[in-house]
Amino acid sequence: MHDPAPTRLPLRPPAQVMRLSRLGSLHQCRLSFMRVLTRRMAAEGWRFSRPAFNIGDDGVGHAVYSATGPDRTYSLIAFAHDLPPEMRSDRVIATAWDATFTLFDGVPEAADIDRLSKNIPLQEAGRVSEREISVSRANRSVRLWEHFVDALATGQQPDPQKTAAVGYLMRTTAVYGSGKLGAADRETIADRPEMQVPFQAEMLSVYLTRVFVRDLVQHMARAKGGDKTATLDPAIAQSLGIGNSTGLGMAPFIVNHPVLFNNWIMAREEAIARVRAVETATKAEAAAFRAVLERAALSVAEWHSEHPIQIEKLKTLGTDMAALAGHVGAADLTTGHPWNRLYDWAEAHLGEDAQELVASLILEPYPDLVDGLAAGMADANSDAFRIDGGLSIAATRSALEASFGWALAVDWTARENRARAWYVSEEKLEPRLGERFDEPIAEYEQPLAPARDAAAAHKALADWGDDQPVAAFLLAHPEHRHTIRRAQITAIAPYGEIHDNTIAADVLPIDMLRAKLAFFGATHFDPRSDRWVRICMYAGAPYPEDLRPETADHWIYPEVET
Amino acid sequence: MSFSLNEVEATAKKAARGAGYSWGLAEEAGKATRWLSAQGLDGCGALAALLQEPRHESPTRDGDIWSANGALCPLASGAALSDFAADLAAGPIRLIEVAHPQLLLPFAAGAARQMGTVLTLACDTLTARTDGAGVDLAHIPSPPGTSDVQVSLGGRMGAALPHQTRAASDPAIWAVLTGLAARTYAPATDASRRLGAGAGLSDND
């Protein structure tokens, strides 16, 4: 890694970046966790193997896929099931799936497989151990799965149009890590270089799941078609991703982990500022940007949704992409801070979706300025939780005003400003968002309205003298303790707070989901409602046998046919 | 049963909330129980015992004496001890009649990290020193009742208890915690089942 250029531009302020509409317009970039993983595995020459594929003609059984890096091996253990259609649900309340998985720390022995075969298929109703790092499950895209099996079994290749319309054969409906269900805590793997960047274990699990799904569909086609079965065209296989169906569980995550979320946003903002500070770009760098823009435009053109909100967003983005292509075609991208000028132009002429795409794309020609920032995206600051009770009331007030100044002016007695409440249902602990004034949920409300709570704490502080320590206030008002903690965290993590009302009548949880999923590296966000989104992961990525440094990074952008 | 420390923290936090603590103190209960478990101490047992008793009091501070009309709650007192850690520079703090005093240890550890020194906790049933990262216990206490506790700066840290990455919890104790945690979950209704999670479309496509 070269020494990064010093930042000479200020980062974009949290008041701009942390609005929900902008967070709901984020796109993947060089720092996305999937790309960090594939780059690392290629650079380090990871080796892959399939020690077991014990799946019958009925599609039931297990398989093991191992990935070996410089120091360790991780293995995906996949269990394939025969799922009746009436049991197929992507929701947390489901009790059976087409396939279930765990990422095992090492290479499993027969006793491990035996133990896990009694637990992994049960998901939340099972227990795992410290040897397991993640637990996940997936459902088929019924239409595309049947089409693939039928086509291949009769010696045909699947229809590329049908393939593109769905994009994946299976979608994961949950990937649990960090100690869930008894698995290894994040802390037990966080010191390993390959696991330092957030969600690397989960991303590895999904990467290997994609290999399994490709192998399984071929296996099922052969079981049906025998000798006349076609081998899946590698180009079609490469175009497939793994889908993901994500509900409300992910939205609380970014509110509940303010330091972690800050580190993600801050890394990207720092990257953007560094590239905007570049005075002159080489012709090669300008050409690299133009090439990636063309490929990104193709990705946008292939992005479909049936949801009215997303249809509208895609329409605007499509128009903006045309305007952007026109501007870039004529623009000087080499002199006079070209990326800063381009970004400023985007801010003045394009919508938020396209602005954020430009912000992500200008990072592409600059791996040396950007990629090292991924190392700072984890949350290693466990002491941030501890409140500094010696801080004065005056300083506490200022901290609240700095992150929630906008919220102090909101009328929190108005129904529309607190119409919703986040709660957890006793049904398999499913997170839900309800109507505060129509449902009996207020007493179960989760602390996921930091803005409302900040306004309340600020009001309670009004009667306290400036110089007193906040410790005295907290002893008298334990109900504001979580809010004061957040205010102190925000002082060191300015991008940790959403600058919008998370319980407003018009809040769109899909904005929160997209922000998180964009950092994973997801594309083609396809909302199924205002609180539920499907995405695609790893579409276009090389399979293990094709993973090399030159294929490991830009797979996220579709190839432009020449 | 073997639990991950994240499970311990999450369950302890929800249990404390279910028992009626504020979210901020429930968060403290989660971290404290996790910290004790990481030292190999029975954090879950101590928290479960506390949460099954009627709610104890928050301290009233009178100089270096912290007390209440009744036993002191170790979570409220511990949080205050951590918040007022700087006061220890002026001399020891004495807490009168603390329930389940081992629950003060994680908060003392936080104070020790802030002050950059070893802290000593002394009471009828145990003497403990912590440097923030670990704890050195003179003897591992059997479940105590209430006890007066003196907290002071300084002390010589002996060998710390070995750190653990898992928590072994008695199933009966775990059941107490998950039972209390369940009070934070809203009973499902048809409307919430249909609308609350927001997935209205079929997944058989």
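# Close-up views of a predicted two-chain model

**View 1. A pair of hairpins in chain B, built around β6(B).** Strand β5 (residues 119–123) of chain B runs antiparallel to strand β6 (residues 127–130) of chain B, and 4 bridges join them. Look for Ala122(B), whose bridge partner in β6(B) is Thr127(B). The two strands make a hairpin, with 3 residues between β5(B) and β6(B). Keep in mind while browsing that everything here comes from a predicted model. On the other pairing, β6(B) meets strand β7 (residues 135–137) of chain B in the antiparallel sense over 3 bridges. Here Thr130(B) stands opposite Val135(B) in β7(B). This is a hairpin as well, with 4 residues between β6(B) and β7(B). In its turn sits Gly132(B), with a positive phi of about 100°.

**View 2. The open sheet of chain A.** Nine strands line up as β1-β2-β3-β4-β5-β6-β7-β11-β10 of chain A, giving an open sheet with mixed pairing. The edges belong to β1 (47–55) and β10 (523–529) of chain A; each has a single partner strand, so one side of each lacks a neighbour in the sheet. Going from one strand to the next, the twist averages 25°. Helix α21 (residues 509–520) of chain A packs on this sheet, where it touches β7, β10 and β11 of chain A. The direction of α21(A) makes about 15° with that of β11(A).

**View 3. Zooming in on β6(A) and its partners.** How many of the 9 residues of strand β6 (residues 168–176) of chain A are buried? The count is 9 of the 9, so β6(A) is largely enclosed by the rest of the structure. Strand β5 (residues 132–140) of chain A runs antiparallel to β6(A), joined by 6 bridges. One residue pair to pick out is Ser136(A), which stands opposite Val175(A) in β6(A). With β7(A), the pairing of β6(A) is parallel and covers 3 bridges. Tyr168(A) has Gly241(A) as its bridge partner in β7(A).

**View 4. Where β7(A) meets β11(A).** Strand β7 (residues 241–246) and strand β11 (residues 532–537), both of chain A, run antiparallel and are joined by 5 bridges. For a landmark, find Gly243(A), whose bridge partner in β11(A) is Cys536(A).

**View 5. The contact between chains A and B.** On this interface, 42 residues of chain B are in contact with 51 residues of chain A. Which elements give two or more residues to the side of chain B that touches chain A? They are β1 (2–4), α1 (5–18), α2 (23–38), α4 (74–83), α5 (105–115), β10 (185–186) and α7 (190–196) of chain B. The largest share comes from α2(B), with 5 residues. By class, that side of chain B divides into 18 nonpolar, 16 polar and 8 charged residues.

**View 6. Strand pairing across the chains.** Strand β8 (residues 420–425) of chain A runs parallel to β10(B), and 2 bridges join them. Ser425(A) is a handy place to start, as it stands opposite Ala186(B) in β10(B).

**View 7. Domain 1 against domain 3 in chain A.** The domain assignment splits chain A into domain 1 (1–23 + 248–278 + 376–509), domain 2 (33–247) and domain 3 (284–365). Taken over C-alpha atoms, the centres of domain 1 and domain 3 of chain A are 30 Å apart. In this view, 8 residues of domain 1 are in contact with 9 residues of domain 3 of chain A. On the domain 1 side, α2 (20–23) and α11 (258–276) of chain A are the elements that give two or more residues. The most come from α11(A), with 4 residues. That side of domain 1 has 5 nonpolar, 1 polar and 2 charged residues.

**View 8. Chain A as a whole, for orientation.** There are 21 helices and 11 strands in chain A. Its radius of gyration is 24 Å, close to the 24 Å that the globule rule gives for 562 residues, so chain A is as compact as a globular protein of that length. Along the principal axes, the C-alpha atoms of chain A fill a box of roughly 85 × 60 × 45 Å. Buried residues account for 50% of the 562 residues in chain A. Of the contacts in chain A between residues at least 6 apart in sequence, 76% join residues at least 24 apart.

Key. Residues are numbered from 1 along each chain as its sequence is written. Chains are lettered from A and ligands numbered from 1 in the order in which they are written. This is a predicted model: local features need pLDDT of at least 70, side-chain atom pairs count only at pLDDT 80 or more; totals for chains, interfaces and linings use all residues. Two strands pair if DSSP finds at least two bridges between them. Axes are lines fitted to C-alpha atoms, for helices over the stretch in contact, and angles run from 0 to 180 degrees between N-to-C directions. Two residues are in contact if their C-beta atoms, placed from the backbone, lie within 7 Å. Ala, Val, Leu, Ile, Met, Phe, Trp, Tyr, Cys and Pro count as nonpolar, Asp, Glu, Lys and Arg as charged, and the others, Gly among them, as polar. The radius of gyration is taken over C-alpha atoms; the globule rule is 2.2 Å times the number of residues to the power 0.38. A residue is buried if 20 or more other C-beta atoms lie within 10 Å of its own, exposed if 12 or fewer, and partly exposed in between; C-beta atoms are placed from the backbone. Domain bounds come from an automatic or database domain assignment.
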